[in-house]
Amino acid sequence: MRRIALKILLCSAVMLGLPKGHAAPTAPRITEISPILIGDTPVTLHPTGFPAVTITPFWRGNGNAWGYHLYAVTIPDAEQPDQADLVDKQDADPSAPLADMLADSPHTGEDAIQTVHFATARVNGKPGFLLLVTTRDMGLHPVPQPSPAHVRIYQLTREDGEPGTTAFTFRPLSTIASSVTTCHADIALSAATKIPFATWNGPQEPVPTCPQ
């Protein structure tokens, strides 16, 4: 997959969970984002500086329009190589519980409320492995109705081994608002990153369009 040179200017990033009286940290500089396509089978990757990472997708069918994908991200256990440890997602609020599974909300597929994607990139010049969760801010509006959206960006991080922590987590890196009001979360993601929908989702996926 070709590497897409891209700089996301995050001067307007929303930094959540910051205690009062503390200065906001400098927004990270994210460049060279290269989306990772995840189909219906596990994908194993080798991010710089980390053990092998396996992303395993699942489908939870509900018999209606509210089925959803689950993603388990695992890394081999350092002491028991025949076992794998889940990589948790850390919420922007440090007091919130860790999430060991990632879920999207595609609804009918034409009006996705939330999507989950992975990518490699450079963060402040260094290699990074990213998780991007794009969410439409629905409020009280019906699902098909266009709405604003935001993209939460997380970075795979090796933890320090303190009690109560996992070996690796996706830590919050930044939150950016999409520049469009839309019926599909991935349209918002493409607008926010300037990366075409087909590159995030694969050339065989139809490009979503909102009813005019």
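Let's start with a rule for aromatic rings: rings of Phe, Tyr and Trp (its six-membered ring) count as a pair if their centres lie within 6.5 Å, and the angle between planes sorts them into stacked (under 30 degrees), edge-to-face (over 60) and tilted (the rest). Before using that rule, note that this is a predicted model, where local features need pLDDT of at least 70 and side-chain atom pairs count only at pLDDT 80 or more, while totals for chains, interfaces and linings use all residues. Residues are numbered from 1 along each chain as its sequence is written, and side-chain values use heavy atoms, with hydrogens and water left out.

So how many aromatic pairs does the rule give? The count comes to 5. Take Tyr71 and Phe118: their ring centres are 6.2 Å apart and their planes sit at 70°, so this pair is edge-to-face. Along the chain these two are 47 residues apart, with Tyr71 in strand β5 (residues 68-76) and Phe118 in strand β9. A word on those labels: strands (E, at least two residues) and helices (H or I, at least four) are DSSP runs, numbered from the N terminus. Both Tyr71 and Phe118 are buried. Here, buried means under 20% relative accessible area, exposed means over 50%, and partly exposed is in between (1.4 Å probe, protein chains only).

Phe118 has another partner, Phe170, and this pair is tilted, with 6.3 Å from centre to centre and 50° between the planes. Again the pair links distant parts of the chain, since Phe118 belongs to strand β9 and Phe170 to strand β12, 52 residues apart. Where do these two rings sit, buried or exposed? Phe118 is buried at 1% relative accessibility, and Phe170 is buried at 0%. Step back a little and you can see a cluster: ring pairs link Tyr71, Phe118, Phe129 and Phe170.

Strand β12 is also a good place to look for charge. Side chains of opposite charge can pair when their charged atoms come close. The cut-off used for a salt bridge is a side-chain nitrogen of Lys or Arg within 4 Å of a carboxyl oxygen of Asp or Glu. Searching the whole structure turns up 1 salt bridge. Which residues make it? Arg171 and Glu159 do, and their closest N and O atoms are 2.8 Å apart. Arg171 is in strand β12, while Glu159 is in the loop between β11 (149-158) and β12, 12 residues apart. Arg171 is partly exposed, at 35% relative accessible area, but Glu159 is buried, at 13%.

Next up, the sulfurs. A disulfide is a covalent bond between the sulfur atoms of two cysteines. In this model it is picked out as a pair of cysteine sulfur atoms within 2.5 Å. The whole structure has 1 disulfide, and it joins Cys183 to Cys210, with 2.2 Å from S to S. What does this link tie together? Cys183 lies in the loop between β12 (168-177) and α1 (185-193), and Cys210 in the segment after α2 (197-201), so the disulfide connects parts that are 27 residues apart in sequence. The link of Cys183 and Cys210 is left-handed, with -100° about the S-S bond. Cys183 is buried at 1% relative accessible area, and Cys210 also counts as buried, at 19%.

Now for the backbone. Most residues other than glycine have a negative phi, and most peptide bonds are trans. Glu32 has a positive phi of about 55° although it is not a glycine. You'll find Glu32 in strand β2 (residues 30-36), where it is partly exposed at 30% relative accessibility. Asn124 has a positive phi too, about 50°, and is not a glycine either. The place to look for Asn124 is the loop between β9 (114-123) and β10 (126-136).

Finally, have a look at Pro42. Pro42 is in the loop between β2 and β3 (43-45) and counts as exposed, at 51% relative accessibility. Contact means heavy atoms within 4.5 Å. Leaving out residues up to four places away in sequence, Pro42 touches Thr54, Ile55, Thr56 and Pro57. The C-alpha atoms of Pro42 and Ala72 are separated by 9.3 Å, and these two residues are 30 apart along the chain.
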